[in-house]
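Please open the structure in a viewer with selection by residue number enabled. The tour below proceeds stop by stop, stating what to select and what is found there.

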Amino acid sequence: MSMIKEKILKGFRFAGAAAAALLLLFFCLHSDYYQNEDGTGSLFTSPRTYVTAVSSLILMIFILLPNTLSERRNKILGWIWCAAAPFAIYFSLLHLNADKYDIEFWELNKIALVLTFCFLYLVEILFLLITGSIKISVILLAVPVAVLGIVNCFVTSFRGMAISAADLFSMGSAMSVASEYTYELDWYMFSEIFWTFAICAVSLKIRGFRLMKLPARVAVLAAWGVGAGSFFYLCCRTSFLEDHDIRSGGFSHQLRYKQYDMIFTTLCTCFYLAAEKPADYSLEKVEEIGEPYTDQVQAEGADTPHLIVIMDESLADYERIGKRLTLSEDNMPFIHSLEENTIKGTAYSSVFGANTPNSEYEFLTGNTMAFLPASSIGFHLFVRGDMPSLASELKSVGYETLAMHPYRGYNYRRHLVYPQIGFDTYYTRDDFEDPEYIRSYISDQSLAERIVEEYEKNLETGKPLFSYNVSMQNHGGYSVSNLTNLNMDIQVETDGINKSAAQIYVNLVKKTDEMFQWLVEYFSKEEEPVAILMFGDHQPNLGTATYNYLIGKEEYRTSEELMGKYKVPFILWTNYDIEEETIERTSLNYLYSQIADRLNLPMTGYQSYLLELSQDIPVINTLGYWGSDGNFYELDDETSPYYEQIQEYNILEYNYIFGGKDRYLELFELSG
């Protein structure tokens, strides 16, 4: 039996050595790992080659040599490795992120650093208590950390936002579009894989031994419970982190890696998944703020045209943002030329590159994500049961309410949320017959044709139609490997940007412009009054170089400067006479109130409140807000002349979301 066991162990050693050799070969076959950024340099002149080759050779020898240590020395080695492994794991991840996010170890917040290692040791000890094995506990810690680090690099490059705890609720949605992106391991990702493999190889060399007797294990478990409880209490039940200015605010968590590193920044997002109750919140305060607006309900006497809303995926106008892109021709010629019976403008969303349902949430409810946990998803955490919304409001005055999204129906819980907020019908891509695809997504044109089909069917009911649509055509993953049904006629003439992705994107938007023209031409011939509103959910992530160019700075951007990444266009057109207007800036939470005011559409007291608030605070999102005085303010700036109004908005929104049976329905619903 011992000979068989020895042969098996020898086989594992040879397999491990072969894996190390394959990693070295993989390095040698990828010139971008050892070449300079300008493409110069060769395999044999790069310091990376010698570091990788020597490390691989040492690792192969180490793996092949059997562990002949005595039981006592093996045990000592095991405990030393148990203590050292979290440091090896941490610095391996730091190497992955340091260059990408400009992290200097010695400049990291020392409190955050201590808490990071406390967390790593707590996790390792938990695995140790569960498995009874040092080598397994180290592997169970090292592999997930490495996977998280590499996945985070990909996610950040695809959508411009780092991973947060809230992404756990969106894994299904993320996986559904993951295949549309191109994945390439860079040198730092390869290094993370190599050193994680080395950490696992060292761990596997330790022979198993009995860690501790039952009484000692129970004592350690009790101590672990005290330590874990203290860690949780300190971070989540006290103001310790805030007192030391340690927090993960906003949606670009990677901006805080320079202060707290990736592990602790990501961990911080777990601490802020619950929305905080406003300090002065009470039902009496809600009624005091809201009561003046309950008399401003606009239901009887309101106009009820057919209302078609298209929240167009990743719609942005890069001829109107920052330093602007120079194109060979206008990629939105029809929308730019449209003037008659048109209201245009710029809105600000609370998301960049992803998390579409947060823009839906803001538009449909009037609530802002500014008061909700950083990078949380409104549909996941804040719609749990029936809730008032624009859909239920219009339904109460006789509208048929229809939602369409030509993609997977269950993404972001839409199949559960839409009925809860008042939609009668929800169609997904499964309900589209023989649609046109552009790249891997149903085209905007096919969606428009389905909008018209449903409008014509609805005419038989004699009811006005609220058709709410979320498109997919322009979704991220701007890869030259898939340009199905997409003409690349428009050229991007701006240098120094991610030109390939930008060029694909602007040609996609040209197809959206053509779709909107087709809708306008169709409904221009209709006698029924129709209003069409189209707006972008967020900007696409076209790469760091593109936004460095547009915004004009590479780092140390203020929140106000970053607002340039959150601008999206909106356009309202009607087939009946309205006064033309340009709204220079608003935000998605105000958008319905703004158009309802212009078109005499039904409005709740809450929407009237938002319309009035928008006069003083025209834009608000997760980064902050602009006041009517033209100045930009952080949300927690107590010196702002609008601070009290911000707090009142927060109080009303909190009641809207969490009020339950105490929700102030007179404010949030129409009376009839």
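Which residues of β2 lie on one side and which on the other, and are they buried or exposed? The model under inspection is predicted. Select residues 342-348, which make up strand β2. On one side are T342, K344, T346 and Y348, on the other I343, G345 and A347, and all of these are buried, so that both faces of the strand are covered. Buried here means under 20% relative accessible area. Because seven of the seven residues of β2 meet that description, the strand is largely enclosed by the rest of the structure.

**The partners of β2**

Keep β2 displayed and add residues 567-574, strand β9. The two strands run antiparallel and are joined by seven bridges. To inspect one of these positions, centre on Y348, whose bridge partner in β9 is K567.

Next, add residues 581-587, strand β10. β2 pairs with β10 in the parallel sense, over five bridges. A347 of the pair can be found opposite T586 in β10. In general, the strands of a sheet pair through backbone hydrogen bonds, in either a parallel or an antiparallel arrangement.

**A three-stranded open sheet**

Move now to the sheet whose strand order is β11-β12-β13; this sheet is open, and its pairing is antiparallel. Select residues 619-621 for β11 and 632-633 for β13: these are the edge strands, each pairing on one side only. Then select residues 624-626, strand β12, which is linked to β13 by two bridges in the antiparallel sense. Within this pairing, Y625 stands opposite Y633 in β13.

**A negative patch on the surface**

Switch to a surface view and select E284, E287, E291, D295, E666 and E669, which gather in a patch of negative charge. Helix α12, residues 283-294, supplies the largest share of this patch, with three residues. How exposed is E287? This residue, located in helix α12, has a relative accessible area of 42% and is therefore classed as partly exposed.

**A nonpolar patch on the surface**

For the last stop, select I4, I8 and F12. Together these residues form a nonpolar surface patch with about 340 Å² of accessible area. F12 belongs to helix α1, which spans residues 2-28. With a relative accessible area of 60%, F12 is exposed, the cut-off for that class being over 50%.

Definitions and conventions:
Residues numbered from 1 in each chain as written. Predicted model: local features only at pLDDT ≥ 70, side-chain atom pairs only at ≥ 80, totals over all residues. Heavy atoms only, no water. Patch = residues over 30% accessible without salt bridge, like charges linked within 9 Å, V, L, I, M, F, W, Y side chains within 5 Å. Areas by Shrake-Rupley, 256 points an atom, 1.4 Å probe, with all protein chains shown as cover. Salt bridge = Lys/Arg side-chain N within 4 Å of Asp/Glu carboxyl O. Helix = DSSP H or I, 4+ residues; strand = E, 2+ residues; numbered from the N terminus. Buried < 20%, exposed > 50% of the residue type's maximum accessible area, 1.4 Å probe, protein only. Pairing = 2+ DSSP bridges. Lys, Arg positive; Asp, Glu negative; His and termini not counted. Charge placed at Lys NZ, Arg CZ, Asp CG, Glu CD.
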